[in-house]
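Grab your viewer and work through these exercises one at a time. Try each task yourself before you read the solution below it.

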Amino acid sequence: NKRDFFSIFNKFSILQFCIAILVACVCFLSDICIFKLKYKKIKISEIENVNFTLLFFLLIFIPLLEEMVFRGALYFFLGHTLIGKIFYILLSSIFFGLNHIIYSKINIVTKIFWGVFLSILFLFFNNIILCIISHITSNFLIFFTGKIVRGRK
C-alpha cells in the first residue's frame, strides 16, 4: 500500500534533529578523511568573492532538490519492502554520488558514503526534512570551514 508522497514531511523531535546534525558532522568528517587519505594533506583556502545568489543555490536550494529526488522520490517508488529498502539505499547512494562527479572522482566516493547515511536517516525516521537539514548543514560546514583544496600526490 503506497502512502502519499507528502507523508515524508513529518514533524520531528529535538532528538531526531540532533541525530540529523550528527549525521551532517559524520558526512563532513568523511569528506575530510577521504581527501586526507587520497591526497595526504588538506589545505584550507580563504573564501573570496561571495555571490549570495550562488550561495543560496549551492547551500540551500540544490541540497533541498537533491534530497527530494534521491531520498524522497526514490523511496516513494522503491522503498516499501525489505528488498526495496536495501535496493533503495544502494540506488539512492550511487545516484547521489554520481550526481557529484562534476567536482571530482573522489567526490563520488564521499557522496556515496553521505548517501548511505542520509538514506538510513530517512528510513529510520521516515522524514525527508531531517535529511534536508542534515545535507544543508554538511554543505554549510564544508563551505564555512573553507574550501578544501586538494594537495598534489
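The expected span of a helix is 1.5 Å times one less than its number of residues. Keep in mind that this is a predicted model.

**Exercise 1. Work out how the end-to-end reach of H4 compares with the span expected at 1.5 Å a residue.**

Step 1: count residues. H4 has 21 of them.
Step 2: apply the rule, which puts the expected span at 30 Å.
Step 3: check the model. From the first C-alpha to the last, H4 reaches 31 Å, close to that expectation.

Now do it again for H3, which covers residues 82–98. Its 17 residues should span 24 Å, and the end C-alpha atoms sit 24 Å apart, so the two agree.

**Exercise 2. Lay out the order of the elements along the chain.**

Step 1: tally them. You should find 5 helices and 2 strands.
Step 2: walk from the N terminus, and the pattern reads α-β-α-α-α-α-β.
Step 3: look at the contacts with a separation of 6 or more. Of these, 76% join residues 24 or more positions apart.
Step 4: check burial. The chain has 153 residues, and 41% of them count as buried.

**Exercise 3. Describe how H2 packs on H3 and on H4, starting from the axes.**

Step 1: recall what to report. Two packed helices are described by the angle between their axes and the distance between the axes.
Step 2: take H2 and H3. Their axes come within 10 Å and cross at roughly 155°. The cut-off for roughly antiparallel is over 145 degrees, so H2 is roughly antiparallel to H3. The crossing is right-handed.
Step 3: list who touches whom. H2 brings Glu66, Glu67, Phe70, Arg71, Leu74, Tyr75 and Leu78, while H3 answers with Gly84, Lys85, Phe87, Tyr88, Leu91, Ser92, Phe95 and Phe96. Sorted by class, the H2–H3 contact has 9 nonpolar, 2 polar and 4 charged residues.
Step 4: take H2 (residues 52–78) and H4 (residues 105–125). These axes come within 11 Å and cross at roughly 50°, and H2 and H4 are therefore oblique to each other. This crossing is right-handed.
Step 5: list the second contact. Glu67, Arg71 and Tyr75 of H2 meet Gly115, Leu118, Ser119, Phe122 and Leu123 of H4. The classes here come to 4 nonpolar, 2 polar and 2 charged.

**Exercise 4. Find the buried residues of H3 and say which helices they pack against.**

Step 1: pick them out. They are Gly84, Tyr88, Ile89, Leu91, Ser92, Ser93, Phe96 and Gly97.
Step 2: find their partners. The buried residues of H3 pack against H2, H4 and H5 (128–144).

**Exercise 5. Compare the settings of Asn107 and Asn126.**

Step 1: place them. Asn107 lies in H4, whereas Asn126 is in the loop between H4 and H5.
Step 2: test burial with the cut-off of under 20% relative accessible area. Asn107 comes out at 7%, so it is buried. Asn126 has 16%, so it is buried too.
Step 3: look at the neighbours of Asn107. Leaving out residues up to four places away in sequence, Asn107 touches Phe35 and His100.
Step 4: look at the backbone. Most residues other than glycine have a negative phi. Asn126 is not a glycine, yet its phi is positive, about 50°.

Note on methods:
Residues numbered from 1 in each chain as written. Predicted model: local features only at pLDDT ≥ 70, side-chain atom pairs only at ≥ 80, totals over all residues. Heavy atoms only, no water. Axes fitted to C-alpha atoms, helices over the stretch in contact; angles between N-to-C directions. Helix = DSSP H or I, 4+ residues; strand = E, 2+ residues; numbered from the N terminus. Parallel < 35°, antiparallel > 145°, perpendicular 65-115°, else oblique. Left-handed = near helix turned anticlockwise from the far one by under 90°. Contact = heavy atoms within 4.5 Å. Nonpolar A, V, L, I, M, F, W, Y, C, P; charged D, E, K, R; others polar. Buried < 20%, exposed > 50% of the residue type's maximum accessible area, 1.4 Å probe, protein only.
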